[in-house]
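Please take a moment to look over the sequence and the structure shown below, and keep both in view while you read. The paragraphs that follow go from one part of the chain to the next.

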Amino acid sequence: MSTRITRDDLAARIAADIPEGAFVNLGIGAPTLVANYLPDDLEIILHTENGLLGMGGAPLDGQVDPDLINAGKQAVTAVAGAAYFHHADSFAMMRGGHLDVCVLGAFQVAQNGDLANWSTGAPGAIPAVGGAMDLAIGAKDVYVMTDLLAKDGSSKLVAECAYPLTGVGCVSRVYTDHAVFDVTPEGFRVREAFGENTVESLSELTGLELS
């Protein structure tokens, strides 16, 4: 049995945790996959910061509307009853606490819930925090979707973020390809381990004391 699940399986796992009636923003990148796994029989309303409430999943081939995109410039669909509005109104929704859940990617998440997801400070990188800081502070629950380990093998779950912060103490749960972690006052708690992972093996991978 593998110790990792696929990105699509992880997106489906996140979708299963989003409650009916929730207003949800999916961040640029992997989090957009969550839209494809939301149950058809539940009313979950997707918000995108470029001005759409009632976003659907990706369109089928041949049914792409080039004017209908999400904040990551990917083609999307609109569900019945969807609403379009100005960028400023969209940010007012984000900043005003009207979103129940946002799903964001991350470079690092600290054990106190700090999030770093917009810059590593690498030479030549183009830092752009975008709406991430508004989402991180404005949403009632911030879920992070990420690989547990960076390309160099280092853990993205850390005692303290080394990169510039997006938000302070804002993350409530981290979904990784190895396990799901809750952020608690005592640090990371393993909510669900995938495959052969255990609390002990995850502690070894992250270098953190996990409960």
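**A walk through the predicted model**

The buried residues of helix α1 are covered by elements that include β5, β8, β10, β11 (179–184) and β12 (187–193). The model in front of you is a predicted one, and helix α1 is a good place to begin reading it. Its buried residues are Leu 10, Ala 11, Arg 13, Ile 14 and Ala 15, where buried means that a residue has under 20% relative accessible area.

Among the strands that cover α1, we can turn to β8, which spans residues 141–145. Four of the five residues of this strand are buried, so β8 is largely enclosed by the rest of the structure. Strands of a sheet pair through backbone hydrogen bonds, and they do this either in the parallel or in the antiparallel sense. Strands β5 and β8 run parallel and are joined by four bridges, and within this pairing Val 103 has Tyr 143 in β8 as its bridge partner. Strand β8 also pairs with β10, again in the parallel sense, over three bridges, and here Val 144 stands opposite Val 174 in β10.

The strands β11 and β12 give an example of the other sense of pairing, for they are antiparallel and share six bridges. They form a hairpin, with two residues between the strands, and the bridge partner of Ala 179 is Ala 193 in β12. Ala 179 also helps us to place Val 199, because the C-alpha atoms of these two residues, which are 20 residues apart along the chain, are separated by 9.4 Å.

Val 199 belongs to helix α4, which runs over residues 199–206. With a relative accessible area of 30%, Val 199 is partly exposed, and leaving aside residues up to four places away in sequence, it touches Val 190 and Leu 210. Thr 206 lies in the same helix, α4, but how much of it is accessible, and is it buried or partly exposed? At 10% relative accessibility, Thr 206 counts as buried, because that value is under the 20% limit. The side chain of Thr 206 reaches the backbone nitrogen of Leu 208 at 3.2 Å, and beyond residues up to four places away in sequence, Thr 206 touches Leu 148, Ser 155 and Leu 157.

Leu 157 leads us on to another sheet, since this residue is in β9, where it stands opposite Val 109. The sheet is an open one made of three strands in the order β7-β6-β9, and its pairing is mixed. The edge strands are β7 (115–116) and β9, each of which pairs on one side only. Strands β6 and β9 pair in the parallel sense, over two bridges.

Next come the aromatic rings, of which the structure holds three pairs. One of them is formed by Phe 107 and Tyr 163, whose rings are edge-to-face, with 6.2 Å from centre to centre and 85° between the planes. This pair links distant parts of the chain, for Phe 107 is in the loop between β5 (101–104) and β6 (108–110), whereas Tyr 163 is in the loop between β9 (157–158) and β10 (173–175), 56 residues apart. Phe 107, at 33% relative accessibility, counts as partly exposed, and Tyr 163, at 28%, counts as partly exposed too.

There is also empty space to consider. Rolling a probe the size of a water molecule over the atoms shows where such space is left. The largest pocket has a volume of about 810 Å³. It is lined by 34 residues, and those that lie nearest its centre are Ile 28, Gly 29, Gly 105, Ala 106 and Asn 117. The elements α1 (7–16), β1 (23–26) and α3 (132–138) each supply at least two residues of this lining, which brings us back to the helix where we began.

A last stop is Gly 131, which is found in the loop between β7 and α3. Gly 131 counts as buried, at 3% relative accessibility. Not counting residues up to four places away in sequence, Gly 131 touches Glu 49, Phe 91 and Met 94. The C-alpha atoms of Gly 131 and Asp 67, by contrast, are separated by 21 Å, and these two residues are 64 residues apart along the chain.

Technical notes
Residues numbered from 1 in each chain as written. Predicted model: local features only at pLDDT ≥ 70, side-chain atom pairs only at ≥ 80, totals over all residues. Heavy atoms only, no water. Phe/Tyr/Trp six-rings, centres within 6.5 Å; stacked < 30°, edge-to-face > 60°. Buried < 20%, exposed > 50% of the residue type's maximum accessible area, 1.4 Å probe, protein only. Pairing = 2+ DSSP bridges. Polar contact = N/O pair within 3.5 Å; in protein donor to acceptor, adjacent residues only side chain to side chain. Contact = heavy atoms within 4.5 Å. 1 Å grid on protein atoms, 1.4 Å probe; cavity = no way out; pocket = protein on both sides within 12 Å on 5 of 7 lines; lining within 4 Å. Points joined across faces, edges and corners; volume = space filled by probe spheres on them.
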